[in-house]
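Reader: Hi! I'm in my first year and still finding my way around structures like this one. Could you take me on a close look at one part of it?

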Amino acid sequence: MVKFSDDKLAKVQEIVQRYPEGKQKSALIPVLHLAQENFGGWLSAETMDYVAELLQISSIEVYEVATFYSMYNLQPVGKYLFEVCHTGPCMLRGSDDIVTYIYEKLGIKSGETTADGMFTLKTVECLGACGYAPMMQLGKYYKEHLTKERVDSIIEECKKNAASNN
Amino acid sequence: MGVKLLLEKAHVPGIRGYDVYRSEGGYRSVEKALKMAPADIVEEVKKSGLRGRGGAGFPAGMKWSFIAKPEGVPRHLVCNADESEPGTFKDRYLMENIPHLLIEGLIVASFALGSNATYIYIRGEYAWIVDILEQAINEAKQNGWLGKNILDTGFDCEIYVQRGAGAYICGEETALIESLEGKRGNPRIKPPFPAVKGVWDRPTVVNNVETLAAVVPVINMGGEEYAKIGVGRSTGTKLISACGNINKPGVYEIDMTISVEEFIYSEEFCGGIANGKRIKACIPGGSSVPILPANLLFKTAKGETRYMNYESLSDGGFATGSMMGSGGFIVLDEDQCIVKHTYTLARFYRHESCGQCSPCREGTGWMEKILKSIETGKGKMSDIDLLWDIQRKIEGNTICPLGDAAAWPVAAAIRHFRDEFEWHVNNPIECLNRNFGLAHYADEIHVPVTA
Ligand SMILES: Cc1cc2nc3c(=O)[nH]c(=O)nc-3n(C[C@H](O)[C@H](O)[C@H](O)COP(=O)(O)O)c2cc1C
Ligand code: SF4
Ligand code: FES
């Protein structure tokens, strides 16, 4: 069942307090982030309905927003999501080669997940790191100045983390 | 050496933390401003000539003076930290390195505008910067710069950080307001302007991160002194985020009197073109502004030196000039393909169109498709005219300026690099394996001598 822990519920309350009385819908985007982090890295219909109930808004208001913003995953994704930027400035610095290299290493193209559910690759548009290109977002942080060697070590690191978490 | 007002202290060890920031003279502007009348602060900002750093260059003081003040209705200041225009990463740099400068500017601006609850709307991907900002806000609060009755003036102020969730359009101020209300980022039809009806229908001012940080030196030195830096209507300093094929990509603070050539070639800034190549073209102000071939970049069509400021970059209008925009400076070397680069930008705008207006929603998709087919050797000559036609039909026919922002890069690429598009059509196999090269784009242009 989808339910926030007490400290997460307190966090939701804290967020709602930031807005005027009755404007708790403003908390929707932050609370959806919280929900995605807590409930498996994506937003199921059940999760979205739960958020609607928490904020006392209708489910459709949540679906509308969840489908608009690119950071919300509406389907399950791998444990590690590689979001490689391929907009102009990154392209000028070789982002295509990085995407190809990830395909060679992991056998996944943009939008695909490895069979073991470990890695998902997504090509994304400019992330505001154009001067540190090529780059990708991995979870909360950016991995910048990518080279093949750096991609290798990122993959190794993820595998190691996954092994130690099990 | 140019003047630095924002990043001068950015590399002092520990400046991210409150104690060092304060010992370096931080929060002096709050002490000064909170003794002034709010209207006088607005006046100083007007005198400074400070123009909005988010892209449009609208005078900040004037914007502040427009805010409506109906009895009993709260007003809000919203800081635009959505920073999603390709080529632009200056606000991030400022927030990561010297977050208290932004907080300080926000307190002064909140006081001037009468905002007791101020929001920083930051793009969702900058997740770790949220922590940096919240830490700075907490420190400011612990030290009495935020919260209730600040410096015993009776002024209350809280600053909250709101994360977006991946949508370039939320950088547009009315889309940002919608998003802050927990909705899709669909821009509103103006009027009413946010200064009258903004977030939760309350009067709202939206300003860029850099604009609000610049309020600190404006107040510290006084508007008139600030206005002496720079040239003409380009007052103060500007952050430029430089990227692409240069030796030293990064964020630089310039005073707006340096030439484009010096900015690209001097060791203090970009350090020249990478790998000993020659420069082919440059987009000087973020992906939305017109691309310029090298020969129109260093000199205007009149043969005058082009400088890094609002007026000089736009000299020649769209025919032979460009714009300062957001300060996202993208350099392309001789090996780069203009068609491919333009295609990635068109794809970006298609992806980011909110879909409300048909010229933008449909037009961005068509432009992306046609550019892709030309880029992959499947284009026809007539496609080039069709592209031109489509961009013309988007421009000026949409609710928000994203339509224009999508049209301009395509228009400028065809305007200045048409032979490269034609070459793709004429050489469908060759264009897959090599680039068009430099052609005449970097030649000296012939300037007719007129009496
Ligand atoms: C499509 C679009 C995207 C924009 N993105 C940003 C942005 O990321 N950051 C920003 O400060 N302004 C952005 N703007 C400009 C804002 O609408 C607004 O003019 C600006 O935040 C005002 O602040 P300023 O006057 O301090 O520049 C964007 C405008 C458009 C049309
Ligand atoms: S121009 Fe494009 S992004 Fe702007 S409102 Fe219209 S459809 Fe949306
Ligand atoms: S283009 Fe890739 S981060 Fe900006």
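Author: Sure, let's look at the annotated cysteines of chain A first and then work outwards from there.

Before we start, this is a predicted model, where local features need pLDDT of at least 70 and side-chain atom pairs count only at pLDDT 80 or more, while totals for chains, interfaces and linings use all residues. Residues are numbered from 1 along each chain as its sequence is written, and chains are lettered from A and ligands numbered from 1 in the order in which they are written.

An unreviewed UniProt entry puts the annotation "binding site" on A:Cys85, A:Cys90, A:Cys126 and A:Cys130. A word of care: UniProt positions are given here in the numbering used for this model, feature names are shortened, and annotations may be inferred rather than shown by experiment. These four are spread over 46 residues of sequence, yet they cluster in space, with a largest C-alpha distance of 9.0 Å.

Take A:Cys85, which sits in strand β1, residues 80-85 of chain A. (Helices, H or I with at least four residues, and strands, E with at least two, are DSSP runs numbered from the N terminus.) A:Cys85 counts as buried because it has 28 C-beta neighbours inside 10 Å. The cut-offs are these: buried means 20 or more other C-beta atoms within 10 Å of a residue's own, exposed means 12 or fewer, and partly exposed is in between, with C-beta atoms placed from the backbone. Setting aside residues up to four places away in sequence, A:Cys85 touches several residues, including A:Cys90 and A:Cys126 from the annotated set. A contact here means that two C-beta atoms, placed from the backbone, lie within 7 Å.

Now hop over to A:Cys130, in the loop between β2 (119-124) and β3 (136-138) of chain A. A:Cys130 has 31 other C-beta atoms within 10 Å, so it is buried. Leaving out neighbours within four places in sequence, A:Cys130 is in contact with A:Pro89 and A:Cys90, and also with B:Pro86, B:Gly87, B:Phe89, B:Ser241 and B:Cys243.

That brings us to where the chains meet. There, 35 residues of chain A are in contact with 45 residues of chain B. On the chain A side, α2 (28-38), α4 (59-66) and α5 (88-92) each supply at least two residues, and α2(A) gives the most, with five. By class, that side has 20 nonpolar, nine polar and six charged residues. For the classes, Ala, Val, Leu, Ile, Met, Phe, Trp, Tyr, Cys and Pro count as nonpolar, Asp, Glu, Lys and Arg as charged, and the others, Gly among them, as polar.

Two of those helices also pack on each other: α2(A) and α4(A) meet at an angle of about 80°, with axes 11 Å apart. That makes α2(A) roughly perpendicular to α4(A). Axes are lines fitted to C-alpha atoms, for helices over the stretch in contact, and angles run from 0 to 180 degrees between N-to-C directions. Under 35 degrees is roughly parallel, over 145 roughly antiparallel, 65 to 115 roughly perpendicular, and the rest oblique. A:Leu28, A:Ile29 and A:Leu32 of α2(A) meet A:Val62, A:Val65 and A:Ala66 of α4(A), and this contact has six nonpolar, no polar and no charged residues.

Stepping back, chain A has seven helices and four strands, and 38% of its 166 residues count as buried.
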